[in-house]
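Reader: I should like to learn how to read burial, packing, charge pairs and strand pairing in a single model. Could we take one feature at a time?

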Amino acid sequence: MVVEERDFTPKDGFVVYTRQKLYESQLEVALKLYQPLIGTVSFSLYALLRTMVQSDLHLSNRKMHSELFDLLGVGTQTFYEARCKLEAIGLLRTFEQSDELGKLVIYEIQEPQRPENFFADDLLRSLLLETVGERIFKELQDYFFFSPIEKKKAVETTKHFLEVFTVQPQTLNEGKNLLEPDQSGLHGNKLKQISNLDEDFLKQLIEHSFIDSKQVFDNYQRIAAANAVYGLDELVLVRLLEEAANVATNQVDFDLFWKLVHEKFSKQDSKPALTINSVDDAPKKSANKKQKIIKSEDQELLDASRAYAPAEFLQELKREKGSFVTGSERNIIEWVVQKNFFQADIINILIHYMIVDRGMATLNRAFFEAVIADWSQKKINTPEEAMLQVRNFNAPKKQNSVYVKAQRYTGNKKVVQKEKLPDWAKSEYVSENRSVLSKEEQEKLKKRLSRFKKRID
């Protein structure tokens, strides 16, 4: 690894602290599991910094980095690379500031993960396996985890907590109020239903990053929306979050984050990656009579609607027509996804209906919202049901068809008003920005939907 230091000199001061007491047993875990990943210099630096923790931290009580260089017997570049490895692996956090005494580096020692958490971490486990090989990897597992003894004939007589100890009910609430809020409840919102994010994997990535994890998960809905709308995976999202973060405060500027999301989407030239659940992964619903009458030739469109995020799906359709996704279209899709009206595959059916069936050059917001309101009222829950609604839109309408509007009251008089079908639901409706396609062109475009099919290993 080659990392160039930035304005870093042996005369720079440093202090070391930690949020809670460190134990010698943690150093054994670091030696066995982390040292193969970071090397001997990084491990020595970690062990040395642990001995320099100040229980009563005073920024004025600082030492120079030259002392660390002398104790480790290394130069500036080697030291900086070792420090970067500790930061990347999650054993050290680094903060820098300048004051009247000069530049100061604050090192915050982090505990190594417990062995069970280390082996459960996808990144750490995979890196360890790649570094030491399968044989040593299994030896390390055996070192930390013992095989259970045979006790089928034994009867457990262990006492439960409340059989031995007594705790007053009011104390339970008082103790709970003293704890930090549970982060797991911050993002259990409805948007998770249409997001394909692996929350555990995302959490692991953020824990290995410098960005403030609490702030990020306080804004989890916005991250989930970026995944649901644009199909960005966890690695890409974390990279964009880091680009939008202030390195001095570790805080993410989410306005800048969305700007970066839009820029990345606009620059996509290759086929986008799969993000939405495949047909096999989609929730299996009981096939009702309406779903059974879906034509076999429509299955290709259904597969495509489940394979793409809405913005990706629209991008493919527009690319086939030699066009591009506009900013207003992005806003429409972001709006409907964040409102959580429908699953992504249903939204894609509507997009296909507007762009292909009706030949619109762009998504018309008024039309889009009108259909969304109509489908919400009809409780459309599956792409099959959405396709049947599209088929009904295209079917000839009787002149006497009416919608009964909600009851209105004028003064004390009750008025029931009847109206004809709205323009957007009529088969003869033509949008102002419609780009009419011939039947041959529509059939050609539908056949090219076979490109949308994606394989999942």
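Reader: Is Asn 227 buried or exposed?

Author: The model is a predicted one, and in it Asn 227 has a relative accessible area of 2%. Because the limit for burial is under 20%, Asn 227 counts as buried. Asn 227 belongs to helix 11, which covers residues 220–230.

Reader: Which atom does the side chain of Asn 227 reach?

Author: The side chain of Asn 227 reaches the backbone oxygen of Leu 232, at 2.9 Å.

Reader: How should one read the nonpolar interior?

Author: In general, nonpolar side chains of soluble globular proteins tend to be buried together. In this model, the largest nonpolar core has 66 residues. Those that touch the most other members are Val 252, Phe 257, Ile 351, Leu 363, Phe 368 and Trp 375. Helix 18 (residues 344–357) gives the most to this core, namely nine residues.

Reader: Which residues does Phe 368 touch, not counting residues up to four places away in sequence?

Author: With that exclusion, Phe 368 touches Ile 332, Trp 335, Val 336, Ile 347, Leu 350, Ile 351, Met 354 and Leu 363. There is also a second, separate core of 38 residues, and Phe 79, Leu 92, Tyr 107 and Phe 137 are among its members.

Reader: Let us turn to charge pairs. How many salt bridges does a search of the whole structure find?

Author: The search finds 18 salt bridges. A pair within one helix is a convenient starting point. An α-helix has 3.6 residues a turn, so residues three or four places apart point the same way. In helix 6 (residues 122–144), Lys 138 and Glu 134 are four residues apart, about one turn of the helix. Their side chains meet in a salt bridge, at 3.1 Å from N to O. Lys 138 is partly exposed, with 44% relative accessibility.

Reader: Which parts of the chain does the salt bridge between Asp 345 and Arg 306 link?

Author: Asp 345 lies in helix 18 and Arg 306 in helix 15 (residues 299–307), so placed that the pair, 39 residues apart, links distant parts of the chain. The two side chains meet at 4.0 Å, N to O. Both Asp 345 and Arg 306 are buried.

Reader: Which residue forms a salt bridge with Arg 306 at 2.7 Å?

Author: That residue is Glu 384, the 2.7 Å being the separation of the closest N and O atoms. This pair too links distant parts of the chain: Glu 384 is in helix 20 (residues 383–394), Arg 306 is in helix 15, and 78 residues separate them. Glu 384 is buried at 14% relative accessible area, and Arg 306 is buried at 10%. Elsewhere, salt bridges that share partners join Arg 83, Glu 87, Glu 96 and Lys 103 into one network.

Reader: Why is helix 15 described as largely enclosed by the rest of the structure?

Author: Seven of the nine residues of helix 15 are buried, and it is therefore largely enclosed by the rest of the structure. The buried residues are Leu 301, Leu 302, Asp 303, Ala 304, Ser 305, Arg 306 and Ala 307.

Reader: How should strand pairing be read, with strand 4 as the case?

Author: In a regular strand the side chains alternate between the two faces of the sheet. Strand 4 (residues 102–109) has six of its eight residues buried, so it is largely enclosed by the rest of the structure. Strand 1 (residues 13–17) runs parallel to strand 4, and five bridges join them. Within this pairing, Val 16 has Tyr 107 as its bridge partner. Strand 3 (residues 92–99) pairs with strand 4 in the antiparallel sense, over eight bridges. Here Gln 97 has Leu 104 as its bridge partner. Strand 3 and strand 4 are joined by a hairpin through two residues.

Reader: Finally, the backbone. Where do Asn 250 and Lys 379 lie?

Author: Asn 250 lies in the loop between strand 5 (245–246) and strand 6 (251–252). Its phi is near 65 degrees, a positive value in a residue other than glycine. Lys 379 lies in the loop between helix 19 (365–377) and helix 20. Although Lys 379 is not a glycine, its phi is positive, about 55 degrees. Asn 250 is buried, with a relative accessible area of 8%, whereas Lys 379 is exposed, with 62%.

Notes. Residues numbered from 1 in each chain as written. Predicted model: local features only at pLDDT ≥ 70, side-chain atom pairs only at ≥ 80, totals over all residues. Heavy atoms only, no water. Buried < 20%, exposed > 50% of the residue type's maximum accessible area, 1.4 Å probe, protein only. Polar contact = N/O pair within 3.5 Å; in protein donor to acceptor, adjacent residues only side chain to side chain. Core = buried A, V, L, I, M, F, W, Y, C linked by side-chain atoms within 4.5 Å. Contact = heavy atoms within 4.5 Å. Pairing = 2+ DSSP bridges.
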